[in-house]
Amino acid sequence: MKIGISSIHFDVPKIYLPIEDLAKERAIEAAKLEKGLGLQRMSFPDVHQDVVCFAANAVIKLMETENLKPSQIDRIYVGTESALDSSKPLASFLLPILAEKFDDENPHCDVVDLTFACIGGVDALQNCLDYVRLRPEKKCLVVCSDFAKYDLSSTGEYTQGAGAVAMLIEAHPKLLSFPLESGVSSRGVFDFFKPKRSFQKRQILNSNVAADHFSHYEEELLVAREQPVFDGQYSNQSYLERVKEAYYDLKKQKASNTPCYKNWSLILMHLPYCFQARRMFWQLIAEEQPELNSSFQGATEADKWKAFSKSEAYKKIVQEKIYPAEIASGKVGNIYTGSLFLGLLSALYFSAKENQNLSKHTLGFMAYGSGAKAKVFEAEVEAEWKEQIKKTNLFETLEKAQAISFETYKDLYLKRTNKSVLPVKNEVYLKRVEKENSTTYGARFYAIAN
Ligand SMILES: CC(=O)CC(=O)SCCNC(=O)CCNC(=O)[C@H](O)C(C)(C)COP(=O)(O)OP(=O)(O)OC[C@H]1O[C@@H](n2cnc3c(N)ncnc32)[C@H](O)[C@@H]1OP(=O)(O)O
């Protein structure tokens, strides 16, 4: 029996900072960000939004579109690395919101968060696929929700983004089905991580945040520090090593001599920024190109590979198989656990707009989570994919987002304002956080605006 994804929906902030504005303020050549890394916009949460809001909005869109009620859902598994609480999972915040929205609930719904940097959403997905394989009458929701926030002026700042993707997992899926094979590679490293408070205070005191903002910033970050400690180039090296090992693990499991990617109509890689996949993929498959040796006789291995990355053959792979997933990433930024699935949505939506026939085609997924783990696996496109994906209105929704100024971005980043940039409309929003003098200090309450 086929098991997989029947429906996929998303929610991202309605405001963004144009990347050229950030480049100007940071004295970075705009062409590096736009043409080198593929960045166009950096989506940023408004005052009333957090990762619970994005997750809830994505789930509500999915349930309304699929005509589902909470009592029909047996599991809500959330992938996130932006937890708002060290004990209470983000998934549990969704329950009262959904109960209120649909006037219905399932007290037996199993909810939990899975955290492993950007790959937690894939762990949640595979867990739920296995559950439905055992109990095919059940329906699960997998939700990925994150806010990718980096230190000001760091090399991560221009890759920031936020948002959520929600997916319905069931038997006889309408969108994608997944076989059992999945290549894995894990290694314990410190390429990108979010250590606990005492260490963070030292980090903050050493940071070069402008003096007039310092005390507020420090106070805020002592409550909850959202930004990672990271080494950008080392994280890319780790990404490459893990994904490569997982790719060849999948090839071994499939006992196939043909390079797996040759069967993939679309390549979905974790996108920490728009051009990550095109900058990394050639390094994964260069050794699967026997013609390289005859074409570049006498050249070093590194030179041969670099030549392959500039070749017409590689440009064709990028244009046909990688580019479709990049379209949304360039306009949203990194959304950690959701980035891989936003890429999936983007690639399928683009293919539907182009009226392509993807039914029965194979897609390749390459997921990565810092710390570090990669998983490489495949999916088959199901017959109703086009109708299902068109319901998301992905590109049209992204086009409606509004630009903000650099000053507004800084106010939001430093939490210097409590006035929303856009009116709260037709969405779940953060209504209140209990203050320190309350016995329920830190409890967060949400409401649904019409
Ligand atoms: C965080 C996660 O989500 C998990 C992961 O995936 S970890 C792996 C990714 N790591 C991260 O995202 C961490 C945060 N990000 C970063 O630290 C950095 O943004 C980064 C490491 C990803 C990139 O580093 P960077 O120093 O900004 O860029 P750099 O690696 O030098 O690349 C710039 C590119 O622009 C190109 N470029 C520079 N100037 C240019 C110009 N004027 N015109 C056109 N291109 C230009 C360069 O040639 C280079 O491209 P190629 O290597 O393909 O030729």
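Q: Which element gives the most to the lining of the second largest pocket?
A: In this predicted model, the second largest pocket holds about 790 Å³ of space and is lined by 29 residues, with Asp 11, Lys 14, Lys 61, Thr 397 and Asn 426 lying nearest its centre. The elements that give two or more residues to this lining are β1 (3-11), α3 (51-65), α15 (394-399) and β16 (427-433). The one that gives the most, with 5 residues, is α3.

Q: How many charged residues belong to the lining of the second largest pocket?
A: The lining residues can be divided by class, and the nonpolar class has 10 of them while the polar class has 9. The number of charged residues in this lining is 10.

Q: Which residue has a polar side-chain atom that lies 3.0 Å from an oxygen atom of the ligand?
A: Several side chains place a polar atom within 3.5 Å of the ligand, the cut-off for a polar contact, and among them Lys 32 has such an atom 2.9 Å from a ligand oxygen. For His 270, an N or O atom of the side chain is 2.8 Å from an oxygen atom of the ligand. The residue at 3.0 Å is Asn 334.

Q: Which element gives the most to the shell around the ligand?
A: The ligand is surrounded by 28 residues, and the closest are Thr 155, Tyr 158, Ser 235, His 270 and Arg 279. By class, this shell has 12 nonpolar, 12 polar and 4 charged residues. With 5 residues, the element that gives the most to the shell is α8.

Q: What distance separates the centres of domain 1 and domain 2?
A: The domain assignment of the protein gives domain 1 as 3-191 + 231-449, in two stretches of the chain, and domain 2 as 197-224. When the centres are taken over C-alpha atoms, the distance between them is 29 Å.

Q: Which residue is joined to Gly 371 by a cis peptide bond?
A: Most peptide bonds are trans. Here, however, the bond that follows Gly 371 is cis, with omega about 10°. The partner is found in the loop between β13 (362-369) and β14 (373-381), and its name is Ala 372.

Q: Where is His 172, a residue other than glycine with a positive phi, found?
A: Most residues other than glycine have a negative phi. His 172 departs from this, since its phi is near 50°. The place where His 172 is found is the loop between β7 (161-171) and β8 (176-177).

Definitions and conventions:
Residues are numbered from 1 along each chain as its sequence is written. This is a predicted model: local features need pLDDT of at least 70, side-chain atom pairs count only at pLDDT 80 or more; totals for chains, interfaces and linings use all residues. Side-chain values use heavy atoms; hydrogens and water are left out. A residue is near a molecule or strand if one of its heavy atoms lies within 4 Å of it. A polar contact is a pair of N or O atoms within 3.5 Å; within protein, one must be able to donate a hydrogen and the other to accept it, and residues adjacent in sequence count only if both atoms are side-chain atoms. Helices (H or I, at least four residues) and strands (E, at least two) are DSSP runs, numbered from the N terminus. Ala, Val, Leu, Ile, Met, Phe, Trp, Tyr, Cys and Pro count as nonpolar, Asp, Glu, Lys and Arg as charged, and the others, Gly among them, as polar. Domain bounds come from an automatic or database domain assignment. On a 1 Å grid over the protein atoms alone, a cavity is a set of points where a 1.4 Å probe fits but cannot get out, and a pocket is an open set with protein on both sides within 12 Å along at least five of seven lines; lining residues have an atom within 4 Å of a point. Grid points are joined across faces, edges and corners, and a volume is the space filled by probe spheres set on the points.
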